[in-house]
Amino acid sequence: MTETKPAPWPLARVQALVNTVELPAGPDRLARADEAAPWLIDHGLLSAGASPTPDELEFLREVREGLRALLVHNAGGAAPGPRALRPLRDVAQGATALAGLDADGQVTLSASGDSLRERLVELLVVIRDAQRDGSWSRLKACANDECAWAFYDRSRNHGGIWCDMADCGNKLKNREFRARRRAGGAR
Ligand SMILES: [Zn+2]
């Protein structure tokens, strides 16, 4: 899937996970193990030939919604509650990242384990780096709560709130307009 507002690498890994489902009732790439496996392998969350268990997939979907809650907050919405944070805390507590050095002397941090749960720690490392370099606050969930698609806000004033103005922005404006008209007279 090509994003119209893609995050820079590696923050795009977080965006890609959040955008594995089209809310409110669209297709979910993480619904079934046979469909999820190729995506997870492509995105570095499973090793080649592996397949997720139903429990792992359920956990991953909870992690996805926990991440989305963080992006709602980045977009000016409410801070994530303990329930939204719990799966992310479980990732943090259940896995370790190993420091390494690549050939150029760049320090790397990667998951010490190979399971899906263990590999998810790499996304926390990505988030931590993005929080330090300032790019994190630009990764947001669309303000249309029926959409909540993850997009990267490249606007100069960091004020973007729609995944796509032509789509969500106008749709919501029309909805508000109709609601106002119902409430008694268009302005
Ligand atoms: Zn949207």
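This is a short tour of a predicted model, with stops at a hairpin, a pocket and a pair of helices.

**Stop 1: the hairpin.** Start by selecting residues 97–101, which make up strand E1, and then residues 107–111, which are strand E2. These two run antiparallel to each other and are paired over five bridges. Want to see one bridge up close? Click on Ala-97 and look across to its partner in E2, Ala-111. Now go to the turn: five residues sit between the strands of this hairpin. Pick out Gly-105 there, which has a positive phi of about 90°.

**Stop 2: the second largest pocket.** Keep E2 on screen and add helix H6, residues 121–133; each of them gives at least two residues to the lining of the second largest pocket. Which residues lie nearest its centre? Select Pro-10, Glu-122, Val-125, Val-126 and Asp-129 to find out. The whole lining has 16 residues, and H6 brings the largest share, with seven. Try colouring the lining by class: you should get nine nonpolar, two polar and five charged residues. The volume of this pocket is about 320 Å³.

**Stop 3: two packed helices.** Next, select H3 (residues 54–74) and H4 (residues 82–94). Their axes are 7 Å apart, and the angle between them is about 115°. The crossing of H3 and H4 is left-handed. To see where they touch, show the side chains of some contact residues: on H3, these include Phe-59, Val-63 and Leu-67, while H4 offers Leu-85, Leu-88 and Val-91, among others. Counted by class, this contact has 10 nonpolar residues, one polar and two charged.

Technical notes. Residues numbered from 1 in each chain as written. Predicted model: local features only at pLDDT ≥ 70, side-chain atom pairs only at ≥ 80, totals over all residues. Heavy atoms only, no water. Pairing = 2+ DSSP bridges. Helix = DSSP H or I, 4+ residues; strand = E, 2+ residues; numbered from the N terminus. 1 Å grid on protein atoms, 1.4 Å probe; cavity = no way out; pocket = protein on both sides within 12 Å on 5 of 7 lines; lining within 4 Å. Points joined across faces, edges and corners; volume = space filled by probe spheres on them. Nonpolar A, V, L, I, M, F, W, Y, C, P; charged D, E, K, R; others polar. Axes fitted to C-alpha atoms, helices over the stretch in contact; angles between N-to-C directions. Left-handed = near helix turned anticlockwise from the far one by under 90°. Contact = heavy atoms within 4.5 Å.
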